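Reader: Please give me a close look at one part of this structure, and then set that part in the context of the whole chain.

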Amino acid sequence: MSKSAYIKIGFLLLTLLLPGWLNAQELTLFSLKSTEEGQDYNVKLQILLVMTLLSLIPALLMVLTSFTRIIIVLAILRQAMGLQQSPPNRVLIGIALMLTVLIMRPVWQDVYHNAYIPFQEETIGLEEALLKAEVPLRAFMLKQTRESELHQVLLIANEPTTLSAAEIPFEVLMPAFVLSELTTAFQIGFMLFIPFLIIDLVVASILMSMGMMMLSPLIISLPFKLMIFVLADGWAMLAGTLAATFGMLP
């Protein structure tokens, strides 16, 4: 008998015997317990769900928060200025994370006070806590989602396009929100490109008129773009503009 056959037999025996052994040792995982408000998941299952959510945090950060829009705008800004490696990717990601935490702070506070604290005090179950946490997050995502993207995603999901905001499934709202964030980020990036593009055109025209065609215009225009960006307090303006697009400024 081959080695693969032994592995298959061992896996089959483990599958057949493990549930019985767990029950004998009272190590049930996927079970429910009765509470005053009904039934709730076993503590072991709650731990498993929490660990699964922790492993999905990077993906959830990109599709459920303002991170996508911010990091794309920062990357486009670096490209528009003609910088290849400065600021490095880690610095851009750090800036995007800090701005995301700041912009999403009202949502985090709502989730913390209305979902996490009651769940920690065991006044509500895990399922009800997740439902309460979804409410502020859904409101934020709906506010930033465009009607055209939402309509398209509803058509793809074969859902009625006449659904109200509360009736839209969360798995449909997520891709619509991401598409809207991409559209908004590229619109902001286009507006950022225009002043730097004008500087490149002016420098290229001057060099052509002087007959210096062998000299790259990017080498000459880069210091001017950096100087103008710094003198205009570009980083503060960019942070304020991004916050304003999320309705954070009056």
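**A nonpolar patch and the helices around it**

Author: A nonpolar surface patch is formed by Phe190, Met191, Ile194, Ile198, Val202, Ile206, Met210 and Met212, which together have about 770 Å² of accessible area. The model is predicted, so local features need pLDDT of at least 70 and side-chain atom pairs count only at pLDDT 80 or more, while totals for chains, interfaces and linings use all residues. Residues are numbered from 1 along each chain as its sequence is written, and side-chain values use heavy atoms, with hydrogens and water left out.

A patch takes residues with over 30% relative accessible area and no salt bridge, joining nonpolar side chains (Val, Leu, Ile, Met, Phe, Trp, Tyr) within 5 Å and like charges within 9 Å. Areas come from the Shrake-Rupley method with a 1.4 Å probe, and for residues only the protein chains shown count as cover. One of the patch residues, Ile198, sits in helix α9, residues 170-209. Helices (H or I, at least four residues) and strands (E, at least two) are DSSP runs numbered from the N terminus. Ile198 has a relative accessible area of 47% and is therefore partly exposed; buried means under 20%, exposed over 50%, and partly exposed in between, with a 1.4 Å probe and protein chains only.

Helix α9 also takes part in salt bridges, each defined as a side-chain nitrogen of Lys or Arg within 4 Å of a carboxyl oxygen of Asp or Glu. Lys225 and Asp200 form one of them, at 3.3 Å from N to O. Since Lys225 belongs to helix α10 and Asp200 to helix α9, this pair ties together parts 25 residues apart in sequence. Lys225 is buried, at 1% relative accessible area, and Asp200 is buried at 19%. Another salt bridge joins Arg69 and Glu181, whose closest N and O atoms are 2.5 Å apart. That pair links distant parts of the chain, with Arg69 in helix α4 and Glu181 in helix α9, 112 residues apart. Arg69 and Glu181 are both buried.

Helix α10 covers residues 217-231, has 15 residues and reaches 21 Å from its first C-alpha to its last, close to the 21 Å expected at 1.5 Å a residue; the expected span is 1.5 Å times one less than the number of residues. Alongside Lys225, Ser221 and Phe229 are buried in α10. Viewed down the axis of α10, the buried residues fall within an arc of 70°, so they line one face of the helix; the arc is that of the directions from the helix axis to the C-beta atoms. The cover over these buried residues includes α4 (67-80), α9 and α11 (234-245), where contact means heavy atoms within 4.5 Å. Ile219, Val230 and Leu231 are exposed on the other side of α10. Asp233, just after α10, has a positive phi of about 55°.

The count of salt bridges comes to 3. One of them lies elsewhere: Glu134 meets Arg138 with the closest N and O atoms 2.9 Å apart. These two residues are 4 apart in helix α7 (residues 126-144), which means about one helical turn separates them.

As for the whole chain, there are 11 helices and 2 strands. Of its 250 residues, 30% count as buried. The chain exposes about 16,400 Å², with 70% of that supplied by carbon and sulfur atoms. Among contacts with a separation of 6 or more, 64% are between residues 24 or more positions apart.
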